[in-house]
Number of protein chains: 6
Amino acid sequence: MADTWLPSLKTATPQEGFELAAKLARVGVKLTQPSADIRDKLRAAYEQDSTQLIASSQVIAIHFQTVAAANNYWRD
Amino acid sequence: MADTWLPSLKTATPQEGFELAAKLARVGVKLTQPSADIRDKLRAAYEQDSTQLIASSQVIAIHFQTVAAANNYWRD
Amino acid sequence: MADTWLPSLKTATPQEGFELAAKLARVGVKLTQPSADIRDKLRAAYEQDSTQLIASSQVIAIHFQTVAAANNYWRD
Amino acid sequence: MADTWLPSLKTATPQEGFELAAKLARVGVKLTQPSADIRDKLRAAYEQDSTQLIASSQVIAIHFQTVAAANNYWRD
Amino acid sequence: MADTWLPSLKTATPQEGFELAAKLARVGVKLTQPSADIRDKLRAAYEQDSTQLIASSQVIAIHFQTVAAANNYWRD
Amino acid sequence: MADTWLPSLKTATPQEGFELAAKLARVGVKLTQPSADIRDKLRAAYEQDSTQLIASSQVIAIHFQTVAAANNYWRD
């Protein structure tokens with residue numbers, strides 16, 4: 001991952017911030033399992049497993065805290 | 001999800017903030033499993049599983065931290 | 001839940017704040033499983049399961065962070 | 001629990017703050033399972049289960065964040 | 001644990017702060033399971049279990065948030 | 001680990017901050033399981049286990065909160 005994939009935590013809207021949080025959650029998985037092939041195989045299984053869907057939603061929630069704080073909660 | 005579903009983190013009351021937190025938790029699942037059909041099937045199972053209900057409640061709690069901070073804890 | 005059940009995050013004491021945190025944890029479950037009958041059945045099981053008791057205690061802990069911050073840690 | 005068990009989040013030292021955090025974690029369990037008999041039976045099991053010991057340590061960690069913030073990290 | 005084991009959250013460097021966070025995670029386990037013998041037996045098992053290693057790493061991460069904040073992120 | 005591996009939490013960009021968070025998550029595991037041999041064996045298994053990949057991503061998320069705050073969210 002030599003590319004720039006995270007130039008900034010600023011987003012125009014809370015919704016874009018939420019999408020960024022989801023991206024960060026995915027990149028966190030990618031750093032541990034770099035093979036796209038294996039990730040795709042795993043995805044087929046965990047997309048059908050509500051425990052893992054809730055766990056994924058939790059990782060997004062933690063990142064959304066960070067992104068929201070970085071954007072001063074889009075108050076400005 | 002091209003629609004605007006999160007225009008702001010501001011809510012009139014803590015209770016509406018809690019409901020927004022629950023919505024964010026659901027959207028976090030939806031981003032990972034976009035099929036409403038599959039989500040409905042999974043819901044039938046996890047609604048009967050206290051471990052998953054507690055896990056869902058935890059994701060709401062994390063989002064409520066964010067929403068509450070965004071609203072300055074409704075102190076104003 | 002059309003009633004007002006969360007008018008404010010302010011409590012008179014830390015202890016009342018802790019009780020409010022426990023209430024928020026319960027409401028988080030209720031939003032996902034609205035049937036009181038099913039919740040009662042599940043409760044009978046998870047009250048005997050230490051893993052789930054610890055998980056419940058964790059959700060309370062997360063909400064207590066929010067309630068404590070909202071009350072400026074009852075410093076005033 | 002009609003008694004006052006949490007009059008304040010202030011402690012004299014970080015160490016006392018850590019002990020308060022451990023107490024809050026225990027009370028969180030107690031609120032969900034009020035029977036001391038059942039809790040004692042469960043304790044015998046989970047004290048031998050490293051997964052649950054780590055989970056307990058995590059709940060303490062979350063409460064310690066709150067207690068530490070309440071005490072301004074004992075910087076004063 | 002009558003000794004003073006946590007006189008302060010201040011550390012000279014981020015690295016020492018991380019080591020303090022790891023210590024706090026261990027003490028959290030110790031408060032729940034005071035027997036060193038039992039903890040040693042459990043350690044032999046969970047050191048070979050990646051799920052528990054990740055869970056331990058998570059408890060350290062939570063404590064590191066606290067220690068880092070207490071040290072104003074070693075910015076001064 | 002006598003070497004200096006964490007001289008600072010400052011990074012030039014959010015992306016480098018994310019990579020530092022991933023490093024902190026790995027070091028957290030290393031502190032509990034110091035043997036590189038055993039960690040390598042475990043990695044072969046958990047890299048194929050989506051539950052553990054999501055859990056790893058969560059630890060990174062928690063550390064990223066710390067690193068992002070330390071860098072004032074790279075706003076300056």
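**Figure 1. Lining of the second largest pocket in the predicted model.** The second largest pocket is lined by 30 residues. Nearest to the centre of this pocket lie Gln58(A), Gln58(B), Gln58(D), Gln58(E) and Gln58(F). Two or more lining residues come from each of H3 of chain A, H3 of chain B, H3 of chain C, H3 of chain D, H3 of chain E and H3 of chain F. By class, the lining of the second largest pocket comprises 12 nonpolar, 17 polar and one charged residues. The space in the second largest pocket amounts to about 1100 Å³.

**Figure 2. The largest pocket and the residues around its centre.** The volume of the largest pocket is about 1200 Å³. Its lining consists of 39 residues, and those closest to the centre are Gln65(A), Gln65(B), Gln65(C), Gln65(E) and Gln65(F). Helix H3 (50–70) supplies at least two lining residues from each of chain A, chain B, chain C, chain D, chain E and chain F. The lining of the largest pocket divides into 18 nonpolar, 19 polar and two charged residues.

**Figure 3. Helix H3(E) and its two ends.** H3(E) contains 21 residues and spans 30 Å from its first C-alpha to its last, close to the 30 Å expected at 1.5 Å a residue. Because 19 of the 21 residues of H3(E) are buried, this helix is largely enclosed by the rest of the structure. At the N-terminal end of H3(E), Asp49(E) acts as a cap, with a side-chain oxygen 2.9 Å from the backbone nitrogen of Thr51(E). Just after H3(E), Asn72(E) adopts a positive phi of about 50 degrees.

**Figure 4. Surroundings of Thr32(E).** Thr32(E) belongs to helix H1 (residues 14–32) of chain E. Its relative accessibility is 10%, so Thr32(E) counts as buried, the cut-off being under 20%. Leaving aside residues up to four places away in sequence, Thr32(E) touches Arg43(D), Tyr46(D), Glu47(D), Leu53(D), Ser56(D) and Ile60(D).

**Figure 5. Chain F beside chains with which no contact is made.** Chain C and chain F are joined by no contact, and their closest C-alpha atoms lie 14 Å apart. Contact is likewise absent between chain D and chain F, for which the closest C-alpha atoms lie 12 Å apart.

Key. Residues numbered from 1 in each chain as written. Chains lettered and ligands numbered in written order. Predicted model: local features only at pLDDT ≥ 70, side-chain atom pairs only at ≥ 80, totals over all residues. Heavy atoms only, no water. 1 Å grid on protein atoms, 1.4 Å probe; cavity = no way out; pocket = protein on both sides within 12 Å on 5 of 7 lines; lining within 4 Å. Points joined across faces, edges and corners; volume = space filled by probe spheres on them. Helix = DSSP H or I, 4+ residues; strand = E, 2+ residues; numbered from the N terminus. Nonpolar A, V, L, I, M, F, W, Y, C, P; charged D, E, K, R; others polar. Expected span 1.5 Å × (residues − 1). Buried < 20%, exposed > 50% of the residue type's maximum accessible area, 1.4 Å probe, protein only. Polar contact = N/O pair within 3.5 Å; in protein donor to acceptor, adjacent residues only side chain to side chain. Contact = heavy atoms within 4.5 Å.
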